[in-house]
Amino acid sequence: MSAKRRGVITQINANMVTASFDTFVVQNEVAFIMHGNEHLKSEVIRVRGNNAEMQVYESTSGLKVGEEVEFSEELLSVELGPGLLGQIFDGLQNPLPLLAEKCGFFLKRGFYLNALSKEEMWEFTPLVKPKDRIQAGQSLGFVQEKIFKHYIMAPFSLHGVLEVLEIVPFGKYNIKQRIALVKDSNGKESEVFLSQPWPVKIPIRAYSEKLKPSKPLVTRMRIIDSLFPVALGGTYCLPGPFGAGKTVLQQLTSRHAQVDVVVIAACGERAGEVVETLKTFPELIDPRTDKPLIDRTIIICNTSSMPVAARESSVYTAVTIAEYYRQMGLNVLLLADSTSRWAQAMREMSGRLEEIPGEEAFPAYLESRIASFYERAGLVRLYDGSMGSVTIGGAVSPAGGNFEEPVTQATLKVVGAFHGLSRERSDARRYPAVDPLISWSKYSSFIEEKQVKRGHEILHKSNEIAQMMKVIGEEGTSLEDYIVYLKGEFLDFVYLQQNAFDKVDEATSKERQIYIFGFIYNILESVFSFSDKDEALHYFQKLRQLFNGWNSCVWQSEEFKNSEQDISLLLDEKIEKEKVNA
């Protein structure tokens, strides 16, 4: 390697260190602070004259002015290759279980490990032969990783049409061994290995076109799929106060959503919640494969007790890994929890850089940073004609549940769906606590549009009547309005809420949702005739009880059909009474 470029620390401000240099420095270049035997990883975030301002991804306690800094000539990158699935990394892609083995309970500062094992052998099957012409991102062959064919692709950094000069035969190889040699149109030859590095802040664009997301992503959460759908390759946000159930909803979504790979970025969340995720996922059985859920999950773990700057790297590391699996024609779901912590880290670094603050002291570029993150979601057509997608769902933790604060507002401008969690619904034990009165989606549901529209209308009218009853009392409400109120409450309790402890009710298939929502739609459209409000209330309570029992029946089982028959008989009774009274 050429002579290393070095600098000297001139200023230390918590996690921001300034170093002077006399050669050249590249923006976003990785630098290492040489502190005794420790090499502390940092990233150049601003260059001013001969001074480089760096955010340090480790604790800076004990650092001194005058200590040496070594510039690496590389951007902050991740290693992409077989062996990522089932792993738990920190924001810098250190494998945490292995790190814990080496360091014990307390992780050492400046101690870094390879993200992927250099010794593990992978059985490689070539798909091309010498003289074949390919493009960057196209498959040269594959290895079997867990339940997927992990395609080994031509390096994303190459351009134009590439000619395959050499390709190894079928056999076992590790990530250090060359598996192919390709040549670009300028005659430059490049080696290909089972893994390749990629800068985390640069999107992977090795595909033929990016398409508008239109197909619904089935999460099997009824309130989301039916009323506020998410598209495959789309974006959504999940803001809500502490304790409203964001993490639980994200975990259930990651388990049941119809995607191939799930990437979880625990970005600055409380250690207790992250530990819960780490303990739970290895033990959960994937309902689609009957194998451990962790086999198709990657967790990027960065708790609130870790250095603030590392939150930014964890978000970008997660989205880059998600894009990598999308390049294999897979559908990937990225769940970031929570982007508010990442924004707070940006605010902290912006303050140390002495930049002019925006609203609530967040940096003026907050909106563009959040937008650039969500823009990395998308549905793409690859060069071979297959489709892949990255769907991004970001949890937001606004202080005091205030959705008017800058992070929530900046997120709402760029996402396609908003699932606002409510403290009132959470306190009332209504799960999921997604508030149907404030949430919205720009995507289309698989439920008929007229049915969805009618559902929204009933919920809003029911809420208006409920608010009115708080003022004038139930006796001041007409029977007709009271029935509308009961219909709204009925829809809320039997359809919008799910029992996360019930094996059947915790997730509802697309076919079942279409069938049940159609059934409920007919009830909402029916005209009921009651003698008084008490009769109406008792009738809907009985109907609700029967429906809740129906929700726990296995789809299309004998029990399911019997429950449906009981509900239909109760409805027929009412319809007959209505005809008689008429």
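**Entry: a strand pair and its sheet**

I began with strand E13 (residues 161-167) and strand E15 (residues 180-183), which run antiparallel and are joined by four bridges. In this pairing I found Glu163 standing opposite Lys183 in E15. I note here that I am reading a predicted model. Following the two strands outward, I saw that they belong to an open sheet of four strands in the order E10-E13-E15-E16, with antiparallel pairing. I then looked up its edges, where strand E10 (133-135) and strand E16 (189-192) each have a single partner strand, so one side of each is left without a neighbour in the sheet. Direction ignored, neighbouring strands of this sheet are turned by 40° against each other on average.

**Entry: around strand E25**

Next I turned to strand E25 (residues 378-381), which runs antiparallel to strand E18 (residues 209-211) and is joined to E18 by three bridges; here Glu209 stands opposite Arg381. E25 is also joined to E26 by four bridges, again in an antiparallel run, and in that pairing I located Leu379 opposite Ser389. E25 and E26 form a hairpin with five residues between them, and Gly385 in the turn has a positive phi of about 95°.

**Entry: helix H7**

Which residues of helix H7 are buried? I listed Leu366, Ile370, Ala371, Phe373 and Tyr374, within a helix that spans residues 366-374. Seen down the axis of H7, these buried residues fall within an arc of 160°, so they line one face of the helix. I recalled that an α-helix has 3.6 residues a turn, so residues three or four places apart point the same way. The buried residues of H7 pack against several elements, among them helix H5 (310-326), helix H6 (339-352), helix H8 (406-412) and strand E26 (387-396).

**Entry: Val69**

I looked up Val69 in strand E6 (residues 68-75), and asked whether Val69 is buried or exposed. Its relative accessible area is 0%, and since buried means under 20%, Val69 counts as buried. Leaving aside residues up to four places away in sequence, Val69 touches Arg5, Arg6, Gly7, Ile9, Ala19, Ala31, Phe32, Ile33 and Met54. For one of these, Ala31, I noted that its C-alpha atom is separated from that of Val69 by 6.7 Å, although the two residues are 38 places apart along the chain.

**Entry: a cavity**

The structure holds two cavities of 30 Å³ or more, and I examined the second largest, in which about 30 Å³ of space lies. Its lining consists of Leu486, Glu489, Phe490, Leu537, Phe540, Gln541 and Arg544. Helix H11 (479-496) and helix H13 (533-551) each supply at least two residues of this lining, and the largest share, four residues, comes from H13.

**Entry: backbone exceptions**

I kept in mind that most residues other than glycine have a negative phi, and that most peptide bonds are trans. Asn28, not a glycine, has a positive phi of about 70°; Asn28 lies in the loop between strand E2 (16-21) and strand E3 (29-35) and is partly exposed at 26% relative accessibility. Glu354 likewise has a positive phi, of about 60°, and sits in the loop between H6 and H7, where Glu354 is exposed with a relative accessible area of 70%. I also found that the peptide bond from Asp337 to Ser338 is cis, with omega near 0°, and that Ser338 is in the loop between E24 and H6.

Terms used
Residues numbered from 1 in each chain as written. Predicted model: local features only at pLDDT ≥ 70, side-chain atom pairs only at ≥ 80, totals over all residues. Heavy atoms only, no water. Buried < 20%, exposed > 50% of the residue type's maximum accessible area, 1.4 Å probe, protein only. Arc of directions from axis to C-beta. Contact = heavy atoms within 4.5 Å. Pairing = 2+ DSSP bridges. Axes fitted to C-alpha atoms, helices over the stretch in contact; angles between N-to-C directions. 1 Å grid on protein atoms, 1.4 Å probe; cavity = no way out; pocket = protein on both sides within 12 Å on 5 of 7 lines; lining within 4 Å. Points joined across faces, edges and corners; volume = space filled by probe spheres on them.
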